Amino acid sequence: MTTTGPAELTLIQVSDTHLLPAGELMHGRVDTFALLETVAATVASSTGPVAGILLTGDLADDGSPASYRRLRQIIDPLAATFDAPVVYAMGNHDERLAFRAELLGGAAGAPADHPCDSVHLVDGLRLVALDSTTPGRHDGWLTDAQLAWLADVLATPAPRGTLLIVHHPPLPSPVPTVHLLRLAAAERLADVVAGTDVRMILSGHAHHAGAGALAGIPVWISPALAYDADPLPPDGRLRGLLGGGFSRIDLIDGQFVATAIPLSPTGLVYNNDRAEQVEFIRSLTPQTTPG
Ligand SMILES: [Fe+2]
Ligand SMILES: [Fe+2]
């Protein structure tokens, strides 16, 4: 039996897909296309509904048109299943020219090197994707013009507030390489979002799940699809681990909550009927406030 969950709005965030042309494996061993197929199958078989699909950067490992076409081969049917809009955000492995041509419908008239920023309204929720890349570099940066544009967008609140998508986390990181490649001068972004209707900032790039805050606004770092960067490796080592995952972002009782979904479970701890289990838990839970 299918029952709806408590969320009034659910978004799926998939970050760091690092897709490659057919026949190529990331680091010679990760089939990122197959991992994305697994995500699509997982989401398609879930209860839904899905209000939007957020792809938050490093969508292609090589920035090639072929890789973006492979991405759409999977994402387009998934989006159609839920009649859900797709938000594409740039990452440092992406190439603006191909990204714009293959994922943004060409965005006619935009200069090739112009940041791929976008704004969307989904069921009263505003989604703003900021391009935190600089061509030829891997660290994150937002230009003065982008921040001015963002301030202008945020000047008018949206009915359900705003989620801001920035590939590079505007946070320090315990992983030295990620720390080097974080969003530089994040206080510039903090100054713009402070006091606005931004409810949560969604990032990727770190290749491990994490959370923090910027100007008091929660920052969620989604796990990467492609692989996990070990956040607590043996002394002196940096490790990439097979695995990876994605995220669901839910609006529940007026609050946004981000949840990591690992992709490589090695076995089941339980596998219960949801309706029965919800009813069981309800039966254990008095419908009154303790005390
Ligand atoms: Fe990445
Ligand atoms: Fe990245």
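This is a short tour of a predicted model, going from the whole chain to one of its sheets and then to the helices that lie against that sheet.

Begin with the whole protein chain in view, where the secondary structure comes to seven helices and 13 strands. Its C-alpha atoms fill a box of roughly 60 × 45 × 45 Å along the principal axes, and the radius of gyration of 19 Å agrees with the value near 19 Å that a compact globule of 291 residues would have. If you colour by burial, buried residues make up 40% of the 291 residues; among contacts between residues at least 6 apart in sequence, 67% join residues at least 24 apart.

Next, select the open sheet of six strands, whose order is E4-E5-E6-E7-E9-E8 and whose pairing is mixed. Its edges are strand E4 (118-122) and strand E8 (210-214), each of which pairs on one side only. Ignoring direction, neighbouring strands of this sheet are turned against each other by 20 degrees on average.

Within the sheet, select residues 198-203 and 217-221, which are strands E7 and E9; these run parallel and are joined by three bridges. Here leucine 202 stands opposite tryptophan 220 in E9.

Now add helix H4 (residues 144-154), which packs on the sheet and touches E4, strand E5 (125-130), strand E6 (162-166) and E7. The direction of H4 makes about 175 degrees with that of E5.

Finally, select helix H6 (residues 186-193), which also packs on the sheet, with E6, E7, E8 and E9 as the strands it touches; the direction of H6 makes about 65 degrees with that of the edge strand E8.

Conventions: Residues are numbered from 1 along each chain as its sequence is written. Chains are lettered from A and ligands numbered from 1 in the order in which they are written. This is a predicted model: local features need pLDDT of at least 70, side-chain atom pairs count only at pLDDT 80 or more; totals for chains, interfaces and linings use all residues. Two strands pair if DSSP finds at least two bridges between them. Helices (H or I, at least four residues) and strands (E, at least two) are DSSP runs, numbered from the N terminus. Axes are lines fitted to C-alpha atoms, for helices over the stretch in contact, and angles run from 0 to 180 degrees between N-to-C directions. Two residues are in contact if their C-beta atoms, placed from the backbone, lie within 7 Å. The radius of gyration is taken over C-alpha atoms; the globule rule is 2.2 Å times the number of residues to the power 0.38. A residue is buried if 20 or more other C-beta atoms lie within 10 Å of its own, exposed if 12 or fewer, and partly exposed in between; C-beta atoms are placed from the backbone.
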